[in-house]
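Thank you all for coming. Please have a look at the sequence and the fold for a moment, and then I will walk you through a few parts of it.

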Amino acid sequence: MSLTRAARIILVGAPGVGKGTQTDRLMRKFPELASISSGDLLRKNVRERTPLGIQAESKMKAGVLVPDTMILRLIINELTNRGWLTNDTIRPYTVYSSSIGMDQEDTVDSVFIPSGLRTSKYNYSDHPSASFILDGFPRTAAQASQLDDLIPINLVVNLDTPTDIIIDRICNRWVHAPSGRVYNTTFNAPKVEGKDDVTGEPLTRREDDDPEVWKERLRHFKETSLPLLEHYDKMGVLWNVKGNTSDEITPRLIKEFGRRFGALDN
Ligand code: AP5
Ligand code: MG
């Protein structure tokens, strides 16, 4: 299916609700879509031992949010690298480089963000090829306001599933860390136990999938999500979808997405 205008979507939902799962399914249905997962980006930085990753690691392990400044620079860098955001006046941050992007002495809370970042105008395209899904960003109303200044989001999907269902899934989740591919031993098991379907490499557990850490992540989600959703509700772009399983949610999401972005059958 093809799109008639750029879709700029955010998925919001409790940890383990299925943001990554729904993102994959939407991308399979609409090949023009691409995605950025803030969690995957952070985990990549942790794996590669970048200064940013080293500072993020302890927060992620504890199930708390990383500072807004850190996540914002990471996302702006990614949006710019992918060509979805352009700005002639500021060189994009190079967060994967060990020497650029964050000085060794900086703490994550005192990261220097040039004032130009807030005031200068970024450009973005409305062509369908500039369509994307953000999975896990923004997570706070403050992050949402900062994103508003850069690029307007035109659909916010609030995925709502009871938390007692989610905790069971988390205990069975396995990931292929380099790609972010997600498996679940009861729901979408890998073809060969413990191995990634595409590369055959070993699957691992996420460090923050420990039940106690998950509860902490959930607590933060409950604290921050209401103001975030209110922010987007006021802008008229919020769409809520409730369901006990991803299979229940996916067809409704695809239908709504098609309705809003003029997806046509080829
Ligand atoms: P992040 O990686 O974004 O984690 P999260 O929000 O906690 O969400 P998850 O990735 O755990 O779950 P998901 O909703 O993607 O579910 P999935 O599809 O995998 O963030 C990690 C950390 O990074 C944060 O704690 C924070 O520290 C930091 N961070 C990230 N963004 C940040 C930001 N903007 N600001 C500050 N800090 C930030 O599904 C879960 C499982 O369910 C899978 O096993 C899946 O296979 C299974 N499943 C799905 N559907 C079904 C079904 N129907 N039946 C059975 N199982 C199912
Ligand atoms: Mg995820």
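Let me begin with a pair of helices: the axes of helix 7 (residues 163–171) and helix 8 (residues 211–234) come within 11 Å and cross at roughly 140 degrees. Axes here are lines fitted to C-alpha atoms, for helices over the stretch in contact, with angles running from 0 to 180 degrees between N-to-C directions. Angles under 35 degrees count as roughly parallel, over 145 as roughly antiparallel, 65 to 115 as roughly perpendicular and the rest as oblique, and helix 7 and helix 8 are therefore oblique to each other. Where they meet, T163, I166, I167 and I170 of helix 7 are in contact (heavy atoms within 4.5 Å) with P211, W214 and L218 of helix 8.

I should say how to read all this: the model is predicted, local features need pLDDT of at least 70, side-chain atom pairs count only at pLDDT 80 or more, and totals for chains, interfaces and linings use all residues. Residues are numbered from 1 along each chain as its sequence is written, chains are lettered from A and ligands numbered from 1 in the order in which they are written, and side-chain values use heavy atoms, with hydrogens and water left out.

Stepping back, the protein has nine helices and seven strands, taken as DSSP runs (helices H or I, at least four residues; strands E, at least two) and numbered from the N terminus. Of its 266 residues, 50% are buried, meaning under 20% relative accessible area with a 1.4 Å probe, protein chains only.

Now to the record: an unreviewed UniProt entry lists, for "binding site", G16, V17, G18, K19, G20, T21, R173, V182, Y183 and S246. These positions span 231 residues in sequence, yet no two of their C-alpha atoms are more than 14.3 Å apart, so they gather at one spot. Such annotations may be inferred rather than shown by experiment.

Is R173 buried or exposed? R173 is buried, with a relative accessible area of 12%, and its place is in strand 5 (residues 173–176). Leaving aside neighbours within four places in sequence, R173 is in contact with several residues, among them V182 and Y183, which the record also lists for the site.

S246, in turn, is found in helix 9 (residues 246–261) and is buried, at a relative accessible area of 5%. Not counting residues up to four places away in sequence, S246 touches residues including V17 and T21, both of which the record lists as well.
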